[in-house]
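Here's a quick tour for anyone opening this one up for the first time. Have a look at the sequence and the 3D view, then read on.

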Amino acid sequence: MVNAGDMNGSGNLMDFLDEPFPDVGTYEDFHTIDWLREKSRDTDRHRKITSKSKESIWEFIKSLLDAWSGWVVMLLIGLLAGTLAGVIDLAVDWMTDLKEGVCLSAFWYSHEQCCWTSNETTFEDRDKCPLWQKWSELLVNQSEGASAYILNYFLYIMWALCFAFLAVSLVRVFAPYACGSGIPEIKTILSGFIIRGYLGKWTLLIKTVTLVLVVSSGLSLGKEGPLVHVACCCGNFFSSLFSKYSKNEGKRREVLSAAAAAGVSVAFGAPIGGVLFSLEEVSYYFPLKTLWRSFFAALVAAFTLRSINPFGNSRLVLFYVEYHTPWYMAELFPFILLGVFGGLWGTLFIRCNIAWCRRRKTTRLGKYPVLEVIVITAITAIIAYPNPYTRRSTSELISELFNDCGALESSQLCDYINDPNMTRPVDDIPDRPAGPGVYTAMWQLALALVFKIVITIFTFGMKIPSGLFIPSMAVGAMAGRMVGIGVEQLAYHHHDWIIFRNWCRPGADCVTPGLYAMVGAAACLGGVTRMTVSLVVIMFELTGGLEYIVPLMAAAVTSKWVADAFGKEGIYEAHIHLNGYPFLDVKDEFTHRTLATDVMRPRRGEAPLSVLTQDSMTVEDVETLIKETDYNGFPVVVSKDSERLIGFAQRRELILAIKNARQRQDGVVSNSIVYFTEDPPELPPNSPHPLKLRRILNLSPFTVTDHTPMETVVDIFRKLGLRQCLVTRSGRLLGIITKKDVLRHMAQMANQDPESIMFN
């Protein structure tokens, strides 16, 4: 027999795996990472750097650079995300106005920029200036009349169709992952799932360009959700430049969590809200260190956007408001009613949108994404143009709905009948009776509200970048402004009623309709996304309305309660389940009394578990097992008779190890023995060299007993981010539970289709 001593000369060959080889520790596409393993690898890396730093000055400098690399990545993410957001804002502003006309002095100026640079613009007619010409004026020299209106109407539709067609074509040809909002997929990626290319450079480029096109086309969608995706693409790009993050999927996800915060920071001009959004809504693993870095990335991104100043108002956002009157306790009732409306709207939207998206996936409709985008764009443009509140960009609409009616406002919503004897300062205008313009605006807003509710259901989920924040806020803002005007007029005409008597005297400015629009926007956004804390912070950062936190909180909590009464899923969780992503939501509760033995595989009647033995299988046996199965890994046991568990070997690493061994180690052939023990087994003389694969063996796989409650198993999978868990009894292997098995079991217990979980 050949023993270990006789083989000392070839020890360096057998132990070649003691040096890492390319691609070991990486994962295949559509697979889940092993959080515990990634954490362990990072701890080992950090320990090695710390010990080396004491050897020389150069190693000490390298350790400092490694420690600072995280902050450098955050700085770069903030700079790029802020710059891209500023460019997108400027481009959207120009291209939205391009649908209606062009600036003669400089075609790249938007309507507002064109008129403010003109010397002939007066304050009263600030929207009209000779330098800005509508298409009818430019082409047929007519600004009024039926022919001018029809020409402008036709060109508005043509521009919208052109933008939408270009966007969907770019997405379809160059970056299919650039469609949608991206937040459901980012939530799934942050939970440990691998979707290669989703955060790639092509996706970043195409999403940035097409986001400008689709928002400018006038479709009922926003840029805020996609900006989170864009920021995460920036995070993925910069993390690939540093080996600390590029070689560790767990550390990479810490960067992506911070990048999501930077995305919301530039989308809403809300750095603190961005950090809270990342913590509350998208992140799965969010240690304290990531909180600080998220804060820094959000700060840099907001500072960069402020430096670009895309809105020209020295603010981070388009709709910054300042109200001059406090709110009163009696107003909490309409605020809570708006919260109820937001919850009902959220429930209606989620159910209808998911039903439509499911129909798109399961019928022939899904085969014609370009035609679908063109049809929805045409319908949107045709219906939107006649109504001034749907013709303009949704951000401008929200800005107007949020605004308080000052003495200088020219909007229809501010067409009140003034008292000629009024001698008050401009900031404190009393409540006045509504004029004809307000009544016209009310029915136009009512029509716009119905249109927005319906068209958003069909728009979200198409094969173009599409955010949901702005359309949801627009629905709430329209409803809120109408309620606000109603309460204002009620208070004016019935100020002697007991509810108004104490705080709404004649001649007082006591009701602010813009505040109701703000509260309604928060309620509807909360109803759709189920955000609470981050939503309130985003709203007061967005508007500067720090005094109105209590109304916002009341509306946000009410909308969440009402929406949760009809279903616990927000829109992003619903889309995750629709797409079958393996996402274990921390918010879901598992209360069923099942055991690990009920879920583990193999079940009764199934083939026995595929396992490796520690020292009795040949290379050919292992390769055959890999070829005949599609499992992600194999338990390693002492022998098939005893089935005492030794460890767990990943499929990908087995393939790479055997491939590298054949290339780099002489004497490894198909009938070489594969062993996972420290010492080689005793072999007959003239046997081929055995192959030692102990380095790729996980010697401490997570195990539970067969009588462990599934409630505990689900908790372990959530909190430790496991890929799989082995089931044993007294050290003997019985079966395996994967993340997919857990998700299938949870779906089954909730009376859903367990086969809807498509990915590993």
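## A strand pair to start with

Before anything else, keep in mind that this is a predicted model. A handy place to begin is Phe648, which sits opposite Asn698 of strand E9. Strand E6, covering residues 645–650, is joined to E9 by 2 bridges, and the two run antiparallel.

## The sheet around it

Zoom out a little and that pair turns out to belong to an open sheet of 4 strands, ordered E3-E5-E6-E9, with mixed pairing. Which strands sit at the edges? They are E3 (612–613) and E9 (697–698), and each of them pairs on one side only.

There's a helix to go with the sheet, too. H27, made of residues 651–664, lies across E3, E5 (633–637) and E6, and its direction is at about 75° to E6.

## Two helices that cross

Now for another part of the chain. Helix H11 (residues 249–268) packs against helix H12 (residues 271–282) at an angle of about 130°, and their axes are 7 Å apart. That angle falls outside the ranges for roughly parallel, perpendicular or antiparallel, so H11 and H12 count as oblique to each other. The crossing of H11 past H12 is right-handed.

Who's touching whom? On the H11 side, the contact is made by Ser257, Ala260, Ala261, Val264 and Ser265. H12 brings Pro271, Gly273, Gly274, Val275, Phe277, Ser278 and Val282. Sorted by class, this contact between H11 and H12 has 7 nonpolar residues, 5 polar ones and no charged ones.

Conventions:
Residues numbered from 1 in each chain as written. Predicted model: local features only at pLDDT ≥ 70, side-chain atom pairs only at ≥ 80, totals over all residues. Heavy atoms only, no water. Pairing = 2+ DSSP bridges. Contact = heavy atoms within 4.5 Å. Axes fitted to C-alpha atoms, helices over the stretch in contact; angles between N-to-C directions. Parallel < 35°, antiparallel > 145°, perpendicular 65-115°, else oblique. Left-handed = near helix turned anticlockwise from the far one by under 90°. Nonpolar A, V, L, I, M, F, W, Y, C, P; charged D, E, K, R; others polar.
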